[in-house]
Amino acid sequence: MSRLAQRFAALRRAGRRALVPYVTAGDPEPAATVGLMHDMVAAGADILELGVPFSDPMADGPVIQRASERALAHGVSLRGVLSMVRDFRHDDPDTPVVLMGYLNPVETMGYEAFARAAAEAGVDGVLTVDLPPEEAGPLLAALDGGGIDPVFLLAPTTSDERTRQVAAVARGFVYYVSLKGVTGAGHLDVDAVRRRVEHLRTLVDLPVGVGFGIRDAASAAAVGAFADAVVVGSAVVSRIEQHAGDPAAARAAVAELVGELRAALDGLPAAAAVRQAADT
Amino acid sequence: MLETKQPAPEAVAGLPDERGHFGPYGGLFVAETLMGPLAELRAAWEHYLADAQFQRELEEELRDYVGRPSPLYHARRWSEQVGGARLWLKREDLNHTGAHKVNNTVGQALLARRMGKTRIIAETGAGQHGVATATVAARLGLECVVYMGAEDMERQAINVYRMKLLGAEVVPVTSGSRTLKDALNEAMRDWVTNVDDTFYIIGTVAGPHPYPAMVRDFQAVIGREARAQILDKTGRLPDALVACVGGGSNAMGLFHPFLADEGVALYGVEAAGRGLETGAHAAPLCAGRPGVLHGNRTYLMEDADGQILHTHSISAGLDYPGVGPEHAWLKDTGRARYVAVTDDEALAAFHTLTRVEGIMPALESAHALAWAETLARELGPGAEIIVNLSGRGDKDIHTVAAHEGIAL
C-alpha cells in the first residue's frame, strides 16, 4: 500500500479529513523549503503538496505565478525540487509528498529518469496539471515502475464518462477543482461543490480531495464537511509572499495558518465524523 | 532532425489524427477544466466544416468584408534587382485590417456565434491578431477582451489604440516575459474562468487540439487561391513557397494546399533575431527542441531544466518560443525546410521592397522576403517562387525609425 493510501486509510479510521497545504518549492528561497515542510507537518498537515516552479504556469492565479517567478529567480530546477524532498524525507519518513507541476520540466528530464529519481527522493504522488489521461500513458508507465501514485484533476466541466476514465488511471486520490478558474480564485460555491463531490463518490472509489479557492479556516471547514482532503495553496503562498524578505517570519506565518486550518477541520460536527467512520 | 528524409505523401496528409496528433506533435495538454470545452469546440468545428450554409456565410464574409481573393502579384522590379527566379507576392497585406490574421478571426467568430458564445477573448503579440479579433467582434456585436504583453503594448501602441477604438478591452500582461507567450497564458486563464459564455480565438496554428487544425483550415484559403492563381498565370505549379513562421499560421495557410505537390519546395523562415549563435532569437525549429507548452507538443526554446526561454525578434509577431505542431512534423519528415533570418536582414528586405515595389511589408513578412532573395538567386532564372506577404508594414514604421535612430 502506498504512503498516500496508508495515510488516507489511517485518517478514515480516525474520522478525520486530510489537510493538504501547498507551497512552491524554492519560494521565497531554496533554503527555506525543507524547514517550511517540517513546520507545516508540525502544525497539522497530513499530506504536503509541493509545487514545481514553471515559467508558464497556465492554470495558476497571480499568487502562485509570482511564487514560481521567485523560485525560478533562484534557479530552482526539477532536480533541485527532488533534492529538497530527499532532505525532507531524511527526517520525516511518514508524511506523503505530492509534486504538483507542469509537464515540460518532467518531459525535459525524461519520464524514466524522473520517476526513478522521484521514487528515490521519497515522492509519493505526482499531479501534472497539463497532462490529461489521454496523453499520460508513457508517464503513467514510468511512475508505476517507481511506485508513485499519479494524481489527476477532476473539474466542474468533467463529464461522467471522463470521470470514469480518470478514475481508471488515478491512484492515491483524485483532486476536484472546486471552481471554473485558476488557483486562488475567489468565487467558491460550497453547496455546488458538495453536490458535485457527492456525485463523484458514485463514480470514483478513491478519496476525493478538493482545492482551488479554499482560502481560510471557514471555507476549509465548510469543504472538510464532505471532502476527504482539503487542499490550500494560494492562501499559504500569500503568507510567504507577505514575508518574502524574511524567511523565518514566512515560516512562522505559514505555521500559524496551517494551525488555524487544522483546528477548523478538527472542529467538524460530530455527525460528519461518525458518518465517515461508519464508512470504514 | 530528419531533414534529409523524403516523406511518403501519406506521412503528412490527412493529419491530425483523432486526438490531434501530427506524428509525435500536437495533442491536448491542458488542465482538466478545459477538456470538456475543447471537446465541445471540436464537435462544433467538425459540424460546421461540413455545413454548407456556414461555409457559404464564411465565403461571403471573406469576399465582401475581408476583400478576398487577395491578388498574386508578380514583383517584376524586385525580381530583376534580385536577379534569379521570378518572385510572386501573395498579397495578404491587402486584406481588411492589413494582414492574413482576419481570415481566421472571421471564421472563428462565426463559429462562436453559432455556438451561442457572447464574449470573445484573444491573445496578441504584434497586435495584428488582436486588431483582427476586435474587428470581427465589432462586426458581430460581441464583447471582446484582448490580452497583450505589457512590453508589446509599448512596442505596438498604435495597434493598442486601434483595438480600443474598435471597442475591445486591452488587458496588459505583466507576468513572465511580458510578451506573447505570457498573453497566451493569461487568455487561457480567462477562458478557464469564463468558459460558459466565452470563445477563445487563438491567432495561430498552435494550442490544444483542435486549434492547430482549425486555424490551418481557416487560413488555407491563402494556399488554395495562390495555387489556382499561379496555375492561371504561369500554367504550372511554383518551384517554391516561402513564408515567415512565428506560430506559423500564414505559412501553414499557404503550404497546406500544396502538401501533396511533391515538386513544390516549402520554406518556413524563423526569426534569427541578433543571430542564432547569440541566443537572442525566436527560432525554435532551427535552434530548439521538442517539449510541451500551451496545450501542444512541439519545438520550443527552453533551457536545460525545461523552463521556457525569453525570445527576441525585431518583429513582435515572430517573438514566440513555440511553433505550430504541424510545422514540427513537416520539419521532421523533411516535407518543409526551416531557415532563419536576422533582424538586420529582415530590415534590409523591408527597405528593398518598399523602395523597389512601393509595397511596405510587415517586419514579419520581411523575414520571408529576405530568404526569398537568397532562394531566388539559388534557383535562378526560369524558377517561380511565391512569397507570402502576410501583412503590411504601416504598424512597424516606429520600430524601423527607432532602430535607425530616427525620432518621429
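Which elements of chain A make a right-handed β-α-β unit? The legends below begin with that view and then move on to chain B; the model shown is predicted.

**View 1. A β-α-β unit in chain A.** The right-handed unit is made by strand β4(A), helix α7(A) (residues 137-146) and strand β5(A). On one flank, β4(A) runs parallel to β5(A) (residues 149-154), with 3 bridges joining the two strands. Strand β3(A) (residues 97-101) is parallel to β4(A) as well, and here 4 bridges hold the pair. A handy place to start looking is Gly125(A), which stands opposite Val98(A) of β3(A) and has Asp149(A) as its bridge partner in β5(A).

**View 2. The two faces of strand β4(A).** This close-up stays with β4(A), residues 125-128, and follows its side directions. Gly125(A) and Leu127(A) point one way, while Val126(A) and Thr128(A) point the other way. Whichever way they point, all of these residues are buried.

**View 3. A salt-bridge network in chain A.** Four residues are worth picking out here: Arg16(A), Asp46(A), Arg262(A) and Asp266(A) are linked in a network of salt bridges. Over all chains, the count of salt bridges comes to 43.

**View 4. An open, mixed sheet in chain B.** Follow the strands across and you will meet them in the order β3-β4-β14-β9-β10-β13, an open sheet of 6 strands with mixed pairing. The edges belong to β3(B) (72-74) and β13(B) (336-342); each has a single partner strand, so one side of each is left without a neighbour in the sheet. On average, neighbouring strands of this sheet are turned by 30° against each other, direction ignored. Within the sheet, β9(B) (residues 240-244) and β14(B) (residues 384-389) pair in the parallel sense over 3 bridges. To find this pairing, look for Ala240(B), which stands opposite Ile385(B) of β14(B).

**View 5. Helix α11(B) across the sheet, with a buried salt bridge.** Helix α11(B), residues 221-234, lies across β3(B), β4(B) and β14(B). Relative to β4(B), the helix runs at about 140°. Now zoom in on Glu225(B), which forms a salt bridge with Arg68(B), the closest N and O atoms being 2.8 Å apart. Glu225(B) belongs to helix α11(B) and Arg68(B) to the loop between α3(B) (52-66) and β3(B), so the pair ties together parts that are 157 residues apart in sequence. Both Arg68(B) and Glu225(B) are buried.

**View 6. A salt bridge between strands β4(B) and β14(B).** The side chains of Arg86(B) and Glu384(B) meet in a salt bridge, at 2.9 Å from N to O. Since Arg86(B) lies in β4(B) and Glu384(B) in β14(B), the pair ties together parts that are 298 residues apart in sequence. What about the surroundings of the two partners? Glu384(B) is buried, with a relative accessible area of 6%, whereas Arg86(B) counts as partly exposed at 32% relative accessibility.

**View 7. A salt bridge between Lys395(B) and Asp396(B).** The last close-up shows Lys395(B) and Asp396(B) joined by a salt bridge, with their closest N and O atoms 2.7 Å apart. Lys395(B) counts as buried at 9% relative accessibility. Asp396(B) counts as buried too, at 1% relative accessibility.

Terms used
Residues numbered from 1 in each chain as written. Chains lettered and ligands numbered in written order. Predicted model: local features only at pLDDT ≥ 70, side-chain atom pairs only at ≥ 80, totals over all residues. Heavy atoms only, no water. Pairing = 2+ DSSP bridges. Axes fitted to C-alpha atoms, helices over the stretch in contact; angles between N-to-C directions. Contact = heavy atoms within 4.5 Å. Buried < 20%, exposed > 50% of the residue type's maximum accessible area, 1.4 Å probe, protein only. Right-handed = clockwise from strand over helix to strand, strands pointing away.
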